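Me: I am new to reading protein structures, and I would like a close look at one part of this one. Could you take me slowly through the place where the small molecule is held?

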Amino acid sequence: MGQSESREGELAQLPPGQRLQRGWPVTHYGPVPKFRQERWEFRVFGATADGEKHCWTHEEFSALPYSTVVADLHCVTKFSMLGAEWGGVSTGVLMDLAPPAPDVTHVMVWAEYGFSSNMRLSDFASSTSIFATHKDGELLTAEHGFPVRLVVPHLYAWKGPKWVRGVEYMRADRRGFWEERGYHNLGDPWSEQRYSYQEEPGDGPEL
Ligand SMILES: Nc1nc2c(c(=O)[nH]1)N[C@H]1C(S)=C(S)[C@@H](COP(=O)(O)O)O[C@H]1N2
Ligand SMILES: [Mo]
């Protein structure tokens, strides 16, 4: 394949309004949290099927079944990174271990410092959604979300918290951190759902 062909191939994979980024910039709000293994736990709580809270220590979480997904990252500020291989625990594995109650419709994914992002259960449960511990075979670095970040390839990247600590199953939608601060409740990059003022009735809870 020639250079221009591969470039065209890459451009064809870009959602509207996005540009290709070489390398991997660091984008987040606030400081990079310090990882303290003895205090870290991953929690699934809220409307679980058994009504219980499910917790994993870092050691336990690291021992969960590992899989990989090749996927792109689209930042709402318009850069996209294509074709990264994310490795970690698929959301499907986690949902098998800690299933949601039958009437759960949405999840809130919680990270350090109270950062959060909401999404539909169907987006969370997508076969390409993964709690990544690795990128391209290497452990994530602190600034990219070590020890665990969520990757939901078909949504804008703010829907993938770095430094994830838990998942809350919800019976109704609620806005997360950026969804309360001007970003679109759904965040589909292919239809450029960037800002909350673009929302249609039914796209999200009232601001
Ligand atoms: N905890 C947390 N996760 C976050 C963010 C954040 O501010 N806090 N920013 C999001 C945004 S807007 C983007 S584009 C990606 C960037 O990931 P990167 O820094 O690894 O490129 O992280 C997402 N995850
Ligand atoms: Mo972003």
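Reply: What follows starts with the protein as a whole and then turns to the surroundings of the ligand. Please keep in mind throughout that this is a predicted model.

The protein contains four helices and eleven strands, and its C-alpha trace spans about 55 × 40 × 30 Å along the principal axes. A compact globule of 207 residues would be expected to have a radius of gyration near 17 Å, and because the value for this protein is 17 Å, the two agree.

Within this protein, ligand 1 sits in the largest pocket. There are 18 residues around ligand 1, and those that come nearest are Thr27, Tyr29, His144, Arg149 and Lys162. Sorted by class, this shell is made up of twelve nonpolar, four polar and two charged residues.

Two of the nearest residues, Arg149 and Lys162, also appear when we look at individual atoms. In the case of Lys162, an N or O atom of the side chain lies 2.5 Å from an oxygen atom of ligand 1, while for Arg149 a side-chain N or O atom is found 2.6 Å from an oxygen atom of the ligand. Pro25 takes part through its backbone instead, where a polar atom is 2.8 Å from an oxygen atom of ligand 1. As for how much of the ligand is covered, ligand 1 on its own has 530 Å² of accessible area, and the protein covers 97% of that.

Technical notes
Residues numbered from 1 in each chain as written. Chains lettered and ligands numbered in written order. Predicted model: local features only at pLDDT ≥ 70, side-chain atom pairs only at ≥ 80, totals over all residues. Heavy atoms only, no water. Near = heavy atom within 4 Å. Polar contact = N/O pair within 3.5 Å; in protein donor to acceptor, adjacent residues only side chain to side chain. Areas by Shrake-Rupley, 256 points an atom, 1.4 Å probe, with all protein chains shown as cover. 1 Å grid on protein atoms, 1.4 Å probe; cavity = no way out; pocket = protein on both sides within 12 Å on 5 of 7 lines; lining within 4 Å. Sits in = over half its atoms within 2 Å of the grid points. Nonpolar A, V, L, I, M, F, W, Y, C, P; charged D, E, K, R; others polar. Helix = DSSP H or I, 4+ residues; strand = E, 2+ residues; numbered from the N terminus. Rg over C-alpha atoms; globule rule 2.2 N^0.38 Å.
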